[in-house]
Amino acid sequence: MSRRTTLLSALALTTALGAVSPALAKTFVYCSEGSPENFNPMLNTTGTSLQASAPVYEGLTAFKTGTTEVVGALAEKWDVSADGLVYTFHLRHNVKWHSNKNFKPTRGFNADDVVFSFDRQANKENPYHKVTGGGYDYYNDMDMPKLLKSVTKVDDYTVKFTLSAPQAPFIADIAMPFASIQSKEYADGLLKMGKPELIDQEPIGTGPFEFVQYVKDATIRFKRFDAYYNGKAKVDTLVYSINKDAAVRLAKLRANECQSTLNLAPADLPSIRSDKNLTLLSQPGLNVGYLAFNTTKKPFDDVRVRMAVNMAVDKKAILTAVYQGAGQAAKNLIPPTMWSYNDKVEDFKYDPAAAKKLLADAGVAEGTEVDLWAMPVQRPYNPDAKRIGELMQADLAKVGIKAKIVSYEWGEYRKRAQAGEGQMVQMGWSGDNGDPDNFFAVLASCAAAKANSLTKWCNPTYDAMITKAATISNVAERTKLYQQAQVEMHKDAPYLFIAHSVVFLPMRANVTGLKIQAVGSENFLNVDLK
């Protein structure tokens, strides 16, 4: 695409959105990998969907860009009672809501919006609880129904959260997307219109960009929110250009049809580094890619079978063929960059002969057929699930297991996997708040086993350790408990941990102000084009 064509396209887009003078307009295009399920971060767990609503919404707290440090957002400050059970949030004044064709706010953000947003998730009688399916996976998997006794309005700019037990990661937890705040006034207005579903399709928030338009599998358009309390964004228009093909996204980046993208093939990284028109940021990721064993399904209800698969798979070969230097072998659920990581845990050794003996001891016949699920999308923790599946399939054949590779469309894949349909399912996790609890509790607690964990694993000893750790503020004591929990998990082997990957963020060389987020989605507030 020529410079003139690119400029004309940007000017046409800016004029169509009613933005500033075309001569001064700046458009930033982000090449995204997929379409969102909706625009409500309370309902979603995938990075694709959470990224789609990130420019619009905010919570009471947030992570400082590029770090896991928690700072105030819609709450300017907070107090915690001596017993750790009551958090009092003092809300920011003069925060404006976005508007659209169905909604013109008559007031700014206040305590009513906070109470509504948490009540929607907690209260089955709330008229919005079941709108858009009402899954609230994060809220439930983090045991918020049990933890949050009440969320009450003290006055227009003060809200009190009362907990059932002390919770060390609580301030970091509510910096996560599920705790984003929606407008109660907008919700009330949509109910009167008989269109409550629009709250999750045409989002209204307080963030730096306003939602404009979504075309499925094509584009999401935002415009700068000039009344944003934390200073105006540097670009006038933000566009997500959606394409599932990593090669196409890279081609668009090279042609300057987008200025940044994500999840490119590791094989392309050297050529990106050598391209003077591009910049490549990188850092160790707070993530893990894994194969989850459904511990409720035969033969994986037997720990000997789970251990055998761990020993049958050549993890080093996977790292070489798929991650190509952009990952390290994983042996624990949390990455080594996270505090409380237990390096003393010894990973399962690649030993097909020992694996075969374990399978025989467990009564698994030669030629036993199992399914092995492979994700249809790339993720920072798994750049090519299909290829990993093929390598695992070949390794398992050597020990007498016939693995059939299964895959579905991404939304369907997640839904079926969480329902417990698969026997062995490839998935992974990128940390949301920098706290070990975000891995241990969300993925592997007994509460998660009853809901959306893929392993359906519930170990009371492990569960007691992580539950106690979450109630203690002393980091050394928490570390000791989490390290013991990692030993307990290793003994039960509910996972085959594959890798912790390096996270990359490629962009055009003229992009400034864009950083890799340690947790959460990309932040475009300070992004500019030189």
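A nonpolar core is a set of buried Ala, Val, Leu, Ile, Met, Phe, Trp, Tyr and Cys residues joined through side-chain atoms within 4.5 Å. The exercises below apply this and related terms to a predicted model.

**Exercise 1. Nonpolar cores**

Task: Find how many residues the largest nonpolar core has, and which helix gives the most to this core.

Solution.
1. The largest nonpolar core holds 88 residues.
2. Those with the most contacts inside it are Leu 60, Phe 89, Phe 118, Phe 161, Phe 170 and Leu 333.
3. Helix H15, residues 437-444, gives the most to this core, namely six residues.
4. A second, separate core has 33 residues, among them Tyr 323, Ala 355, Leu 358 and Ile 388.
5. For the surroundings of Phe 161, set aside neighbours within four places in sequence; the residues in contact with Phe 161 then include Leu 60, Phe 89, Phe 118 and Phe 170. Leu 85, Val 86, Tyr 87, Val 114, Leu 148, Ser 150 and Val 151 are also in contact with Phe 161.

**Exercise 2. A helix pair**

Task: Describe how helix H3 and helix H7 pack, and classify the residues that make the contact.

Solution.
1. Two packed helices are described by the angle between their axes and the distance between the axes.
2. For H3 (residues 111-122) and H7 (residues 184-193), the angle is about 65° and the axes are 8 Å apart.
3. H3 contributes Asp 112, Asp 113 and Phe 116 to the contact, and H7 contributes Lys 184, Glu 185 and Ala 187.
4. By class, the contact has two nonpolar, no polar and four charged residues.

**Exercise 3. Two helices with buried residues**

Task: State which residues of H14 are buried and how they are placed around the axis, then examine H10.

Solution.
1. H14 spans residues 410-418, and its buried residues are Trp 410, Tyr 413, Arg 414, Ala 417 and Gln 418.
2. These residues cover an arc of only 115° around the axis, so they are on the same side of H14.
3. An α-helix has 3.6 residues a turn, so residues three or four places apart point the same way.
4. The cover over the buried residues of H14 includes helix H4 (137-141) and the strands S15 (368-373), S16 (401-406) and S17 (424-430).
5. At the N-terminal end, H14 is capped by Glu 409, with a side-chain oxygen 3.0 Å from the backbone nitrogen of Gly 411. Gly 420, which follows H14, has a positive phi near 90°.
6. H10 (residues 303-312) is mostly covered, with seven of its ten residues buried: Val 305, Arg 306, Ala 308, Val 309, Asn 310, Met 311 and Ala 312.
7. The N-terminal cap of H10 is Asp 302, whose side-chain oxygen lies 2.8 Å from the backbone nitrogen of Arg 304.

**Exercise 4. Buried hydroxyl residues**

Task: Decide whether Thr 206, Ser 260 and Ser 521 are buried or exposed, and locate their partners.

Solution.
1. The cut-off for buried is under 20% relative accessible area.
2. Thr 206, in the loop between H7 and strand S8 (209-215), has a relative accessible area of 1% and is therefore buried. Its side chain makes a polar contact of 2.7 Å with the side chain of Glu 58.
3. Ser 260, in strand S11 (residues 260-261), is at 0% relative accessibility and so counts as buried. A polar atom of the Ser 260 side chain lies 3.1 Å from the backbone oxygen of Pro 506.
4. Ser 521, in the loop between strand S19 (511-512) and strand S20 (528-529), is buried because its relative accessible area is 18%.
5. Apart from neighbours within four places in sequence, Ser 521 is in contact with Leu 50, Gln 51 and Ala 54. The C-alpha atoms of Ser 521 and Pro 177 are 9.2 Å apart, although 344 residues separate the two along the chain.

**Exercise 5. Backbone exceptions**

Task: Which residues does a cis peptide bond join, and what is phi of Asn 94 and Thr 132?

Solution.
1. Most residues other than glycine have a negative phi, and most peptide bonds are trans.
2. Lys 298 and Pro 299 are joined by a cis peptide bond with omega about 0°. Pro 299 lies in the loop between strand S13 (287-293) and H10.
3. Asn 94 has a positive phi near 60°. This residue lies in the loop between strand S5 (86-91) and H3, and at 62% relative accessibility Asn 94 counts as exposed.
4. Thr 132 has a positive phi of about 60°. Thr 132 is in the loop between H3 and H4 and is partly exposed, with a relative accessible area of 38%.

Note on methods
Residues numbered from 1 in each chain as written. Predicted model: local features only at pLDDT ≥ 70, side-chain atom pairs only at ≥ 80, totals over all residues. Heavy atoms only, no water. Buried < 20%, exposed > 50% of the residue type's maximum accessible area, 1.4 Å probe, protein only. Helix = DSSP H or I, 4+ residues; strand = E, 2+ residues; numbered from the N terminus. Contact = heavy atoms within 4.5 Å. Axes fitted to C-alpha atoms, helices over the stretch in contact; angles between N-to-C directions. Nonpolar A, V, L, I, M, F, W, Y, C, P; charged D, E, K, R; others polar. Arc of directions from axis to C-beta. Polar contact = N/O pair within 3.5 Å; in protein donor to acceptor, adjacent residues only side chain to side chain.
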